[in-house]
Amino acid sequence: MRVLVLGAGYAGVTLARRLESRLPDGAELVVVDEDASHLVLHEVHRVIRRPGLAETIQVPLEDLFDRAEVRLARVDGVDRDARRVSFADGTTLDYDYAAICLGSATAYYGLPGVEEHSLPLKSVADAEAIRESFLGAVGAAGRSEAGDSTDDGSITIDVSDEGAMEAEAGDDDPSAAPAGDGTVSAVVGGAGLSGVQTAGELAALAEEEGVEADVTLVEQLDHVAPNFPKNFREAVREALETRGIDVRTGTSVERVTEEAVETDAGTFAYDTFVWTGGIAGQAAMGGDRPVVRSDLRLDERTFAVGDAARVVDADGEAVPASASAALREARTVADNLAELVRHETEGETTDFAPRMEPYRFEVPGWIVSVGDGAVAQLGPTVVTGSAAKAMKASVGAGHLSSVGAVKNAVDLVEEELS
Ligand SMILES: Cc1cc2nc3c(=O)[nH]c(=O)nc-3n(C[C@H](O)[C@H](O)[C@H](O)COP(=O)(O)OP(=O)(O)OC[C@H]3O[C@@H](n4cnc5c(N)ncnc54)[C@H](O)[C@@H]3O)c2cc1C
């Protein structure tokens, strides 16, 4: 009896750790990931401003499991009929039960120039590339305007008394200032959780660097954080605008060139363009995020958990792709999958398969960071300021300690609250 967990993100790690104690002794448990570390993805935007955090938010897979075998490999495809997973190195592995927890890829929707000219944000390397692009523009702006190169290669830049953020707030002209006039322009496409937090980091980075910056957040729908409750959306928008971020909702990106993002509401020149406009299935899933119902099963023996699937819960509610949901889905699947394995291996005589516990989408609330601030929604209440910041830090730290990475958890709290 072999159980495969494909992907070691929130869903995969939570599931596999639970299965370690729930599966009967004879069952083999294999966790597959192409990366040797578990990444706390919902904190990766922080690396744009705090590169030192990269180490804190990655935990070596070998430290996470006692019983599961870890296999480092890139999944190429899953043949559910044959119950066989194929890998990029040409090998295959058969399974009795599998859980697909491969997360998602960035969706580009075929928009001309978007994939070619944008920086995605799905990994530490992506966050580092965004930082490099933005600081490169800061350096160029400094050289062309007020900047003085110092002997050690760092740049000093004059800033107005009002501060960079205030200078551009409320500007009705949709065209951001082009690069080279001393202002750095960043455009973030897509105002979901990752886009909101990326815009916040870029604005805060500009402030720390003492450079004037136009940070524009473009969203096709009418709200930022469009899949989330109204009071949360409104508080997030306010937090963004307070930090001088130009929020353009109801604005569709149509095409992107080397210099500018063209939308149905005007053109935004950019030095750094980050695209967080949507998610698609991984290549291993043929680009698809299949729909699963509340038992999170694609078939009798294959589960799909977290961002890898479009989950509809026990109440028929579409579940937003999120770390919070992935963790909770994984807990339900661990119980159900262990029950199925027990039923099969312990020689149950009844023909009736065990009843699957349905997954019901329930999260205590939502929290995002916006630069050094944060917005938290707990039931009907929205909290901002230091209380929200503390909550945000505790969510990441809570996850890290739940997987046994206590030192990383402590480091994260220290960094977040410093
Ligand atoms: C910048 C950013 C900020 C976010 N902020 C929040 C937030 O504040 N709150 C929140 O709830 N959610 C947030 N999210 C969303 C959250 O991170 C995702 O919903 C969550 O990571 C989904 O978990 P998962 O386990 O399904 O996938 P992932 O965490 O993406 O894990 C997938 C795993 O599969 C592996 N993998 C992928 N393809 C292959 C392959 N072919 N072969 C082998 N291994 C593979 C990957 O290496 C990875 O380890 C944010 C996301 C981003 C990018």
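**Entry 1: helix α7**

I began with helix α7 (residues 230-242), whose 13 residues should span 18 Å at 1.5 Å a residue, and its end C-alpha atoms are indeed 18 Å apart, which agrees. The expected span I used is 1.5 Å times one less than the number of residues. Helices (H or I, at least four residues) and strands (E, at least two) are DSSP runs, numbered from the N terminus.

I note here that this is a predicted model, in which local features need pLDDT of at least 70 and side-chain atom pairs count only at pLDDT 80 or more, while totals for chains, interfaces and linings use all residues. Residues are numbered from 1 along each chain as its sequence is written, and side-chain values use heavy atoms, with hydrogens and water left out.

I then listed the buried residues of α7, where buried means under 20% relative accessible area, exposed over 50% and partly exposed in between (1.4 Å probe, protein chains only). They are Phe232, Arg233, Ala235, Val236, Ala239 and Leu240. The cover over these buried residues includes helix α6 (193-209) and the strands β14 (213-218), β15 (246-248), β25 (365-370), β26 (373-378) and β27 (381-384). Just after α7, I found Gly244 with a positive phi of about 80°.

**Entry 2: helix α8 and its packing on α1**

I checked helix α8 (residues 323-345) in the same manner: its 23 residues reach 32 Å from the first C-alpha to the last, close to the 33 Å expected at 1.5 Å a residue. Gly347, just after α8, takes a positive phi of about 60°.

Next I looked up how helix α1 (residues 10-22) packs with α8, and I noted an angle of about 30° with the axes 8 Å apart. For these values, axes are lines fitted to C-alpha atoms, for helices over the stretch in contact, and angles run from 0 to 180 degrees between N-to-C directions. On the α1 side the contact (heavy atoms within 4.5 Å) is made by Tyr10, Ala11, Thr14, Leu15, Arg18, Leu19 and Arg22, and on the α8 side the residues include Ala323, Leu327, Ala330, Arg331, Ala334, Asp335 and Arg342. I counted these contact residues by class and obtained 12 nonpolar, 1 polar and 5 charged, where Ala, Val, Leu, Ile, Met, Phe, Trp, Tyr, Cys and Pro count as nonpolar, Asp, Glu, Lys and Arg as charged, and the others, Gly among them, as polar.

**Entry 3: strand pairings**

I turned to the strands, taking two as paired if DSSP finds at least two bridges between them. An open sheet of 3 strands has the order β16-β17-β18, with antiparallel pairing. Its edge strands are β16 (253-256) and β18 (266-269), each of which pairs on one side only. Neighbouring strands of this sheet are turned by 25° against each other on average, direction ignored. Between β16 and β17 (residues 260-263) I found 3 bridges, and the bridge partner of Val253 in β17 is Thr263.

Strand β13 (residues 184-189) has 6 of its 6 residues buried. I found both of its faces covered, with Val184, Ala186 and Val188 on one side and Ser185, Val187 and Gly189 on the other. β13 runs parallel to β14, joined by 6 bridges, and Gly189 has Val218 as its bridge partner in β14.

In the antiparallel pair of β6 (residues 75-79) and β7 (residues 84-87), which has 4 bridges, Val78 stands opposite Val85. The hairpin of these two strands has 4 residues between them, and Arg83 takes a positive phi near 55°.

**Entry 4: two buried residues**

I looked up Val292, which lies in strand β21 (residues 291-292) and counts as buried at 1% relative accessibility. Leaving out residues up to four places away in sequence, Val292 touches Arg297, Leu298, Ala304, Ala309, Arg310, Val311 and Val312. Of these, Ala304 is 12 residues away in sequence and 7.1 Å away in space, C-alpha to C-alpha.

Ser118 is in the loop between α3 (114-117) and α4 (124-144), and I noted it as buried, with a relative accessible area of 8%. Apart from neighbours within four places in sequence, Ser118 is in contact with Tyr108, Phe273 and Trp275. Ser118 and Val187 are 69 residues apart in sequence, yet 9.6 Å apart in space, C-alpha to C-alpha.

**Entry 5: the whole chain**

I closed with the totals: the protein chain has 10 helices and 27 strands, and buried residues make up 50% of its 418 residues.
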